[in-house]
Amino acid sequence: MRVQFGSCYVELALGDITRQSVDAIVNAANSQLAGGGGVDGAIHAAAGPTLMQETIERYPDGCPTGQAVATSAGRLNVKHVFHAVGPVWKGGLKGESELLRSAILASLQLAKDHHCKNIAFPAISTGVYGYPIDLAADTSLLAVRDFIFEHHTPELVRFVLFSEGAYGAFSQRLEQLIV
Ligand code: AR6
């Protein structure tokens, strides 16, 4: 599914983010940038050990929740990996929505800073961190739409969803955003 917002596109795909050919992919990292399971584990495995070496060297203090940092991409077929730290879901009254929005906006700002024409996101926080997929879809897509309307970049934002359920949640919300 692909939707146009101004001069830019938001696209949904079902699949594995490590197989994407885009300028940058976003990792759903933890604030220690210590690696882990899920999409983080898959990205580090596919990129190879240089990704963790660079991360430790450049960001020894990690990255706060709601922010993102950039590295190169090792063996991945992309130029950059942006390590974004989404919130752990604690019921919805602990600023989770603002923190998820902030992590997405920080990643898009890095894309702009690095002159990326296209970028792929996973559904940040919706795995180990327990964020309900429909609420994450809502917050994530609104953040992207708002950034695109303000900055007119990047040309393409793709959400790579790992299950039919996640794809369905994102597509339902994206349809509602078409004006
Ligand atoms: N491609 C695309 N999406 C994926 C892939 C993949 N290869 N693998 C999993 N997903 P999660 P979080 C989906 O748990 O909730 C890690 O240990 C998955 O189905 O990866 O932000 C980190 O180190 C889900 O929808 O990230 C942190 O400690 C989404 O990616 C913590 O988990 C996010 O799931 C971060 O938790």
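This tour moves through a predicted model, from its largest pocket to the ligand and then to two features of the backbone.

**The largest pocket**

Begin by selecting A28, G38, V39, D40 and G127. Of the 28 residues that line the largest pocket, these five are the closest to its centre. The space within this pocket amounts to about 530 Å³.

Next, colour three elements: β3 (24-29), α1 (38-47) and β7 (156-161). Each of them gives two or more residues to the lining of the largest pocket. Keep α1 highlighted, as the largest share of that lining, 4 residues, comes from this helix. If the lining is then coloured by residue class, 15 nonpolar, 11 polar and 2 charged residues appear.

**The ligand**

Now display the ligand, which sits in the largest pocket. Select the residues around the ligand, of which there are 21; V39, D40, S125, T126 and G127 come nearest. Two of the elements just coloured need not be hidden, but α1 deserves attention again: with 4 residues, α1 gives the most to the shell around the ligand. Divided by class, this shell holds 10 nonpolar, 9 polar and 2 charged residues.

**Three distances to inspect**

Which residue places a polar side-chain atom 2.9 Å from a nitrogen atom of the ligand? Select D16 to find that side-chain atom. Then turn to the oxygen atoms of the ligand. At S125, a polar backbone atom lies 2.8 Å from an oxygen atom of the ligand. At G35, a polar backbone atom is 3.5 Å from an oxygen atom of the ligand.

With these contacts in view, show the surface of the protein around the ligand. On its own, the ligand has 700 Å² of accessible area, and the protein covers 89% of it.

**Two stops on the backbone**

Select L33, in the loop between β3 and α1. What is the sign of phi at L33? The value is positive, about 55°, although L33 is not a glycine.

For the last stop, move to the loop between α4 (133-151) and β7, where P154 is found. Show T153 together with P154 and look at the peptide bond that joins them: this bond is cis, with omega near -5°.

Methods: Residues are numbered from 1 along each chain as its sequence is written. This is a predicted model: local features need pLDDT of at least 70, side-chain atom pairs count only at pLDDT 80 or more; totals for chains, interfaces and linings use all residues. Side-chain values use heavy atoms; hydrogens and water are left out. On a 1 Å grid over the protein atoms alone, a cavity is a set of points where a 1.4 Å probe fits but cannot get out, and a pocket is an open set with protein on both sides within 12 Å along at least five of seven lines; lining residues have an atom within 4 Å of a point. Grid points are joined across faces, edges and corners, and a volume is the space filled by probe spheres set on the points. Ala, Val, Leu, Ile, Met, Phe, Trp, Tyr, Cys and Pro count as nonpolar, Asp, Glu, Lys and Arg as charged, and the others, Gly among them, as polar. A residue is near a molecule or strand if one of its heavy atoms lies within 4 Å of it. A polar contact is a pair of N or O atoms within 3.5 Å; within protein, one must be able to donate a hydrogen and the other to accept it, and residues adjacent in sequence count only if both atoms are side-chain atoms. Accessible areas come from the Shrake-Rupley method with a 1.4 Å probe; for residues, only the protein chains shown count as cover. A molecule sits in a cavity or pocket if more than half of its atoms lie within 2 Å of its grid points.
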